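Subject: Structure handover

Hello,

Here is the structure I promised to pass on. Please open it next to this message and follow along.

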Amino acid sequence: MEDKRIREHPVLEFERGHEIHFDFEGEEVKAYKGETIAAALYANGLVKFTESKHHHRPRGFFCAIGKCSSCIMTVNGIPHVRTCVTPVEEGMKVKRHGALPEFPKEVPPSSPEAKESKVDIAVVGGGPAGLSAAIIAAQHGADVHLFDEGDHQGGQLVKQTHQFFGSHLEEAGTRGIDLAEDLLREAKKAGVNLHPGTTVLGYYPEKTLAVESKNGLEIYHTKGIVYATGAVENYLAFENNDLPGIYGAGGVQTLMNEYGIIPGEKVLMIGSGNVGLIVGYQLLQAGVDVVEVIEAMPNFGGYQVHASKLRRAGVPISTAHTIKKALGTDRVEGAVVHVLDEDWQPVPGTERELECDVICIAVGLHPDNQFVRQAGAEMKYVRELGGFVPIRTEDMETTVEGVFVAGDSAGIEEATVAALEGKLVGCALVERLFGTSDEISDMKEDIKAGIEQMRKGPYGEYPRRGVKLCTLDEEVC
Amino acid sequence: MTDYKETGILSLDDIKKPSEDRLKKGPVVVIECVENIPCDPCVAACPKDAISMDEITDIPSIDFDGCIGCALCVTECPGLAIFVVDCTSDPCTITVPYEYLPVPEKGEKVFALDREGKRVQVSKVVRVRSSGKTYGITLEVDRENIWKVRGLEVKR
Amino acid sequence: MTVMICRCEDITEEEILEAISQGYTEIEPLKRRLRIGMGQCQGKTCIPLVERILARERCKKPEDMDEPTARPPSRQVSFGLLAGDRDE
């Protein structure tokens, strides 16, 4: 079998666990401890994970971070397992399933009565926003519990191999992967109770969360909840858009930078915002050919410096271009792209075929805020922030008392702002729990100034305008 | 302003260049950063305070006379947009940021690339600096190519 | 020609347009008719696309569209977790 694992990388070192073996459709597959099932299959060139339920279309993974559920398979007899967040284990039996998977033959294992606990703060999501909120609250004496679905925390920082922009005082120039480690270390030091591999199932009245942990169902009664659930990648409608080989940019990053597996040999990048440009560059660093970056707008969207890195490596960027269809039957074998006119209509005669085995979709993100909606928070569509976002106070509290948001789930921006918003929420929670102090109010002022700094300039215009549209002038409640 | 937002390629008109007089005096920085993005590690990297900005979103303002061409900023710029040119030697040299594998060695012959990734000439590597995982590679280039060469490709 | 919109419930753009032409012109009825947004990902992937199609077909702005109701559980849950045999 082929091996798509990266052995040498200019920035990253991949620490793989010991070699293990599992069964996929009766075939033995080699994996390394620490890989997810999806990553291990992909590393071995197995890209078709399942078949769609009505149209019987081949499916691979898409988001690779447990959000889209495109990668579900039957694992050890249990159907609908998200293989992109499930660690691979020795001797595991993994099977594809189609429309209706086989019902598990064994009686579900006994699970103990749901354990109920009373805690101060629950934070959902272990990225820069969630960790930052948890750290501040815990440092000031709160009993903080942080839940994350992934086995390791740090959110999307862990796959950011580039140096961060922003102020050198706010960790610019540091790579995301190092930032994640710093935050985790600080969280542990501050006494945050970290719950990796734990899924929050829902919000229930009076700030109660139902959580699925490795020990079964758990109920947390809290005094305050922070939703730092991040974002979901936007999907794009075009012919054959669900073929294995078509992945979200975040999915490509996860595979490549977290698990050290190349997504393919030749990648077509759709979208030229900073995500598309940065992931394009990271693909080159991993030794993958980026055949072209296409962008529907007349100009590329990201920073010129990011575009220049790609151009310097010989990658063409085609503006006013879109994808018409993906080619291939079981997986991507190419793409047809064409030019768009000023009315977004295809220009006849401009169609061209590109050879590629991966189409990477980087057409923006939208906030992942199901939980905030479950809690009954008032929402508003704010185009500038990527979609529906909760109405919030300056301290990032939603219209539901004690329910806060931070980071991309409050509106799409970038990691530095997410961390700062998390800190701000942390301060607000400390005030709520223990009353205010000079130290806390000073800190809040500093953080707010920091956020304002990050939103300056032409690239900050969108979030600046967006945040205004959904932030209440005065404190509610 | 040229059409760099369509092409991703800056023209010489977009860039602040040191004067011919300054070029004769010693190595000097060229910063190819033309947008108001919130970023300032170059300011902190400069030991001579020759790079400054009032607001974090300002375009870096360069004091070419204060710059000593030390190239410390080359590896600190997250945008990989900083270069150092030296026209006092023959051939001239240019220091470019580099984050790929393999890393070229001192003395090695590599292809010098322009802003579109096209090969401009074969160049000898005269110095390899690193800060973290970002390298600053100094290449020998012909005088007429100092405003063209902005990257490199290892020949191996 | 397949343009997939809801990956989980396997619903194409064509199927959505057909339902809209049958009178399912709001997000909630459309969701009940086709199960869009009710699969494993709970609409995380498809809902923005569905909203866009609805807005386009009804000549409205995305700002004027409704969001579907969110209910727990947000993830697929095993029978074992909620109703496993608890008799010792």
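The lining of the second largest cavity divides into 12 nonpolar residues, one polar residue and one charged residue. This is a predicted model, so keep that in mind throughout. The second largest cavity holds about 90 Å³ of space. It is lined by 14 residues. Those closest to its centre are B:Cys46, B:Pro47, B:Cys67, B:Cys70 and B:Cys73.

Now the largest cavity. About 110 Å³ of space lies there. Its lining has 15 residues, and B:Cys33, B:Cys39, B:Cys42, B:Pro60 and B:Cys77 are the closest to its centre. By class, that lining has 14 nonpolar residues, one polar residue and no charged ones. In total, the structure holds five cavities of 30 Å³ or more.

**The second largest pocket**

Which residues are closest to the centre of the second largest pocket? They are A:Glu13, A:Val158, A:Ile177, A:Glu181 and A:Glu258, out of 29 lining residues. The volume of this pocket is about 850 Å³. Two elements of chain A each give two or more residues to the lining: α3 (176-190) and α4 (249-258). The largest share comes from α3(A), with five residues. The classes here are eight nonpolar, 10 polar and 11 charged.

Remember A:Glu13 from that list. It comes back in the next part.

**Where chain B meets chain A**

In this contact, 41 residues of chain B touch 40 residues of chain A. The two chains bury about 3400 Å² between them. Carbon and sulfur atoms account for 53% of that area. On the chain B side, B:Lys5, B:Tyr100 and B:Lys133 lose the most area to chain A. Together they make up 19% of what that side buries.

How many salt bridges are there between chain B and chain A? The count is three. In one salt bridge, A:Glu13 pairs with B:Lys133, and their closest N and O atoms are 3.6 Å apart. So B:Lys133 is among the residues of chain B that lose the most area, and A:Glu13 is among those closest to the centre of the second largest pocket.There are also 18 residue pairs in polar contact between chain B and chain A, with both residues at pLDDT 80 or more. Two helices of chain B, α1 (4-7) and α3 (41-45), each supply at least two residues of the side that touches chain A. The most comes from α1(B), with four residues. By class, this side of chain B has 19 nonpolar, nine polar and 13 charged residues.

**Where chain A meets chain C**

Chain A puts 53 residues into this contact, and chain C puts in 42. The area buried between chain A and chain C is about 4100 Å². Again, look at the atoms: carbon and sulfur give 53% of it. In chain A, the residues that lose the most area to chain C are A:Tyr235, A:Gln370 and A:Phe388. Together they account for 15% of what the chain A side buries.

Next, the pairs across this interface. Five salt bridges are counted between chain A and chain C. One of them joins C:Lys44 to A:Asp368, with the closest N and O atoms 4.0 Å apart. The rule also finds 25 residue pairs in polar contact here, both residues being at pLDDT 80 or more.

Which elements of chain A give two or more residues to the side that touches chain C? They are β6 (78-82), β12 (199-204), β14 (216-221), α7 (370-374) and β26 (379-382). Of these, β12(A) gives the most, with six residues. The classes on this side of chain A are 22 nonpolar, 19 polar and 12 charged.

**A salt bridge inside chain A**

Over all chains, the structure holds 47 salt bridges. Look at A:Asp368 once more. It also forms a salt bridge with A:Lys67, where the closest N and O atoms are 2.7 Å apart. Why does this pair tie together parts that are 301 residues apart in sequence? A:Lys67 lies in the loop between β4 (58-59) and β5 (72-75) of chain A, while A:Asp368 lies in the loop between β25 (365-367) and α7 of chain A, so the pair links those two parts. As for the pairing itself, side chains of opposite charge can pair when their charged atoms come close.

That is the handover. Write back with any questions.

Best wishes

Key:
Residues are numbered from 1 along each chain as its sequence is written. Chains are lettered from A and ligands numbered from 1 in the order in which they are written. This is a predicted model: local features need pLDDT of at least 70, side-chain atom pairs count only at pLDDT 80 or more; totals for chains, interfaces and linings use all residues. Side-chain values use heavy atoms; hydrogens and water are left out. Contact means heavy atoms within 4.5 Å. Buried area is the accessible area (1.4 Å probe) that two parts lose on being put together, summed over both. A salt bridge is a side-chain nitrogen of Lys or Arg within 4 Å of a carboxyl oxygen of Asp or Glu. A polar contact is a pair of N or O atoms within 3.5 Å; within protein, one must be able to donate a hydrogen and the other to accept it, and residues adjacent in sequence count only if both atoms are side-chain atoms. Ala, Val, Leu, Ile, Met, Phe, Trp, Tyr, Cys and Pro count as nonpolar, Asp, Glu, Lys and Arg as charged, and the others, Gly among them, as polar. On a 1 Å grid over the protein atoms alone, a cavity is a set of points where a 1.4 Å probe fits but cannot get out, and a pocket is an open set with protein on both sides within 12 Å along at least five of seven lines; lining residues have an atom within 4 Å of a point. Grid points are joined across faces, edges and corners, and a volume is the space filled by probe spheres set on the points.
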